[in-house]
Amino acid sequence: MDNTRFKLLHREPVEALNLTVESYLHEATHARHLHLATDDPHNAFLVAFLTVPTDSTGVAHILEHTTLCGSQRYPVRDPFFMMLRRSLSTFMNAFTASDWTAYPFASQSRKDFNNLLDVYLDAAFFPQLLELDFAQEGCRIELEQQEDPASNLVYKGVVFNEMKGAMSSPERVLWEQLSKQIFPTNAYHFNSGGDPERIPDLTWEDLKKFHARHYHPSNAIFMTFGNIPASVHQAVFEDRVLSRFQRIEIDVRIPLEQRRVEPVRVSGHYALDGEEQTEARTHIAMAWLLGESVDQELLLKTHLLNGVLLDNSSSPLLKFLETTDLGTAPSPVCGLDDSGREMVFACGVEGSEPHHADAVERGILEVIEKVAREGVERERVEAVLHQLELSRREIGGDGLPYGLKLMLTALPTALHGGDPVAALALDPILEKLREDVKDPSFIKDLARKWIVDNPHRVRVVLQPDTTLNARQAQREKERLAALKAAMSAEEIANVQKFARALQARQEQEDDSEVLPRVTLADIPPNPVIPVGTTRSGLAIPLTHFDRPTNRLVYQQVILDVPDMEDSLLDLLPLFSSSLAEVGLGDWDYLQTQAYQSAISGGIGARTSVRGDVSDTGRFRCVFSVFGKALTRNQIPLAELIHDTLLKARFDEQTRLRELIAQFRASAELRVNDNGHVLAMSAASAASSPTGHLHERWSGMSAIRRLKQLDESLNDPVQLSLLSQRFHEIGQHLLKGPRQLLVVGEQQDFAAMEEALIRLWPEPNTHSFASMQPRLSETQRNLGWEIVTTVNFCARVNRCVPFSHPDAPVLSVLSQYLKNGFLHRAIRERGGAYGGGAGYDSDTGSFRFYSYRDPRLAETIQDFQRSLEWLHEGQHAPRALEESILGVIGAIDRPASPAGEARRAFHDALHGRTAEKRNRYREAVLGVTLEAMRRVSALYLNPGDATFAVVGSAGALDRETGSDWLRQSL
């Protein structure tokens, strides 16, 4: 293959990452290619462009959506979602950041990778960008009643509703306010996702011009990872794209911000409609503009400073933010943002009052000035360097595929004119830092230069406003009324005509065979599930997995949870979250946190519950304490996990008070991002004992109890009672049978096993009673009120457990309904950001959902319409095959080497052995349309369904009846 048009600029092995980084330049167009060469067959790709906004219309974000709606070679209406169904990809998506847009995917199948590469390249460089697609994905006007020209105009659009939901989050509003002030003159000043009040200003012509300017090879970087040689990729890039372009002079780089000469202090508001209580709801945040992120040495220095200040509760700045009476918790924006051309350091508090702003600012500055004056302990700096080393060595892949994670690490540097090879080959800089920190003035100088003496800082006070959403809705209504008043009858008729044209396009059946695909014949055999070795004859069962972890070790102690009284059961998740945040033995929590950071990559605890494989009325609940470390620290890690379980102290009541306030703040912030999960949890609460516990521990009712608990702890008696109950929970847990799990490399096991035998010399002889099942009272229609401008809808039907023959059928059915009906009805026509269905084997339930949805009642009707569609008319055989591919892709999706071992262990612990998992997978391959119709009729009767909506009070008022139980946080 001829790849001579690509010139190799640099090649460098990176031993810590087990790969070689290769950097190329396409001489004709100046497109760049960064290839991460490794023997990993899990290949990954992305193409990215600098996409620099000049306003807050969300042009880059809407273009990202519209680009994926058809291209020259693949002129179908929805190739991205169609390829999701025709692929075995382990990841497919598109991202819009503040100044770049990327189109990434990953796959373990070579054929699938090639298919996706063709579609992605054509979509990015040669999209159709049709006006109807722009209207669907961005924003459009329609009549509220399509056939009634006298009815009001409304805005619709996927991104419009997505950003309405996003801007319902105080955290997002706060960050946008900070960015606006930190960057007064360049592109970071704008909301790249789109301000819902500005999105309607974007025109189709603006969108096409933006693509023509930014989506050119001269402004592009290709990135690849895996065992496919760079030359093979480059031949495809040349044939499909680059041969059709010539280099152009394009400079869309963001200029450096003009430096402020004095601090700026501003105030703003976020919506809290429907809430009467506004006390202690203000956010106060500060931010500083630092240096350029492409300077890798400066990047690591600022990460080091950030860690010294904020790494854990013993770090000086985080200690102040957690313990001050000026707020209830550290701000969610705390930390270093290195995603843009210039870095930003931010910190602050939430749960404050506007009049505390000066005191918060003064307190923050005093802490950092003390660091600049006196420095910090050498051990603290070494601990942060240890964290940087550990994060570099760890092989990820439990969320984002490892290759994509590495590429996204290097991407900002590459786009902003830096050296992407240096962004990955950081070991020389780390070694230099180890020498630099020996100078006692090193941290002092960093703190003084970049924070204390840096006048480019801002302070934002973000206050709650109980009428903001209502005023914004009124402005939108008046804007649309004025727009309609200026329309002629012909223009109104054109609005109706356009809406009908869009509906026709949404309903048209494109020839999907123009797209490449994999078939059932391309599905590989059952994946290899890691097998551990269990040592018998020990006091406590010990299972270890030999996995390539790059000299990291992962350890867990797992206990079965005994039955306990309801008052303790409700607190179990909070106990889990608190366990690694309190002191141990003679150490207070500050000493404990410092030690954790010095020897581990983090210690944690969790409670998990899963349904029995053959009976939804039974379940197993386990509690685990876990951690990870470099292998040189595996013995101290084992000792720390042991002491965390046995020696945690809950007598530091002030610390407990701080933790509960932080947990509450975090839980409330997550509601708008996880509304669909919370709605499904609420609707599943009565489906099984497992569903009951999920809702009880992490659903809307749990958040409400957490809020009530937090408010009660101002009473010292209640705080003392909480301390006592946490101690009781710890004692109850020690009654449970326990076992140990170690994941690492074989050469390290002997020393680890010896240490674990020493730490756990005796078996647990306590009497043990398993947790008894509990069930929620059935409530068919449940509405939870939150502050939002969109809704999250759910429907749940009880069905069958994991090992039932119908379980694989239900999992394929969920994909079939989403692909064939729900995506089109809820997202394309309804305007929600997302929607679908899923089978949950843990609760034994089938669940429908929508996400950031402008509708409510119509969406609930669409859930039922999808089942009617299933039973009506003809269905193409390929639709079933695509649904099976989707389920198999999810089953086979790889994780990190350690993550796959942990999953295998815990799956087997809950009865999902490798044999049963493979049997389930084989059954998925044999699902038929007739079987899906049968299980639909058997289990998904609308009269047996429960419904839940997490949404605004106004929407619930308008669209639900007296048979709905309304609740609020």
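The following legends describe close-up views of a predicted model.

**Figure 1. Packing of helix H10 against helix H11.** Helix H10 comprises residues 316-323 and helix H11 comprises residues 357-374. The two helices pack at an angle of about 155 degrees, and their axes are 9 Å apart. H10 and H11 are therefore roughly antiparallel to each other, since angles over 145 degrees fall in that class. The crossing of H10 past H11 is right-handed. On the H10 side the contact involves Pro316, Leu317, Phe320 and Leu321, which meet Val360, Gly363, Ile364, Val367, Ile368 and Val371 of H11. By class, the residues of this contact comprise nine nonpolar, one polar and no charged.

**Figure 2. Buried residues of helix H10.** Leu317, Leu318, Phe320, Leu321 and Glu322 are the buried residues of H10. Their packing partners include three helices and two strands, named here in turn. The helices are H9 (296-310), H11 and H23 (653-670). The strands are E13 (329-330) and E15 (342-352). Of the buried residues, Leu317, Phe320 and Leu321 also take part in the contact with H11.

**Figure 3. Packing of helix H12 against helix H15.** Helix H12 spans residues 378-393, and helix H15 spans residues 427-436. Their axes lie 11 Å apart and enclose an angle of about 170 degrees. With this angle, H12 is roughly antiparallel to H15. Glu382, Leu385, Leu388, Glu389 and Arg392 are the contributors from H12. They meet Asp427, Leu430, Leu433 and Arg434 in H15. The contact of H12 with H15 holds four nonpolar, no polar and five charged residues.

**Figure 4. Packing of helix H1 against helix H7.** Helix H1 (residues 59-67) and helix H7 (residues 204-214) pack with their axes 10 Å apart, at an angle of about 85 degrees. H1 is thus roughly perpendicular to H7. From H1, the contact draws on Val59, Ala60, Ile62, Leu63, Thr66 and Thr67. From H7, the participants are Asp206, Leu207, Phe210 and His211. The residues of the contact divide into six nonpolar, three polar and one charged.

**Figure 5. Surroundings of serine 600.** Serine 600 is located in the loop that lies between helix H21 (589-599) and strand E20 (603-611). Its relative accessibility is 0%, so serine 600 counts as buried. A polar atom of the serine 600 side chain lies 2.7 Å from the backbone oxygen of glutamine 596. Not counting residues up to four places away in sequence, serine 600 touches His386, Gln387, Leu390, Lys628, Ala629 and Leu637.

**Figure 6. Surroundings of aspartate 465.** Aspartate 465 belongs to strand E16 (residues 457-465). This residue is buried because its relative accessible area is 13%, and the class covers values under 20%. The side chains of aspartate 465 and arginine 471 make a polar contact of 2.8 Å. With neighbours within four places in sequence left aside, aspartate 465 is in contact with His269, Tyr270, Ala271, Leu272, Asp273 and Arg471.

**Figure 7. Surroundings of arginine 798.** Arginine 798 is part of strand E24 (residues 792-798). Its relative accessibility is 48%, so arginine 798 counts as partly exposed. A polar atom of its side chain lies 2.7 Å from the backbone oxygen of alanine 686. Arginine 798 and tyrosine 939 are 141 residues apart along the chain, while their C-alpha atoms are separated by 6.9 Å. Residues up to four places away in sequence aside, arginine 798 touches Ala686, Ser687, Thr778, Gly844, Ser845 and Tyr939.

**Figure 8. Surroundings of threonine 859.** Threonine 859 is placed in helix H30 (residues 857-871). With a relative accessible area of 0%, threonine 859 is buried. Its contacts, not counting residues up to four places away in sequence, are with Cys793, Ile826, Ser850 and Asp853. Threonine 859 and glutamate 513 are 346 residues apart in sequence, and their C-alpha atoms are 30 Å apart in space.

Terms used. Residues numbered from 1 in each chain as written. Predicted model: local features only at pLDDT ≥ 70, side-chain atom pairs only at ≥ 80, totals over all residues. Heavy atoms only, no water. Axes fitted to C-alpha atoms, helices over the stretch in contact; angles between N-to-C directions. Helix = DSSP H or I, 4+ residues; strand = E, 2+ residues; numbered from the N terminus. Parallel < 35°, antiparallel > 145°, perpendicular 65-115°, else oblique. Left-handed = near helix turned anticlockwise from the far one by under 90°. Contact = heavy atoms within 4.5 Å. Nonpolar A, V, L, I, M, F, W, Y, C, P; charged D, E, K, R; others polar. Buried < 20%, exposed > 50% of the residue type's maximum accessible area, 1.4 Å probe, protein only. Polar contact = N/O pair within 3.5 Å; in protein donor to acceptor, adjacent residues only side chain to side chain.
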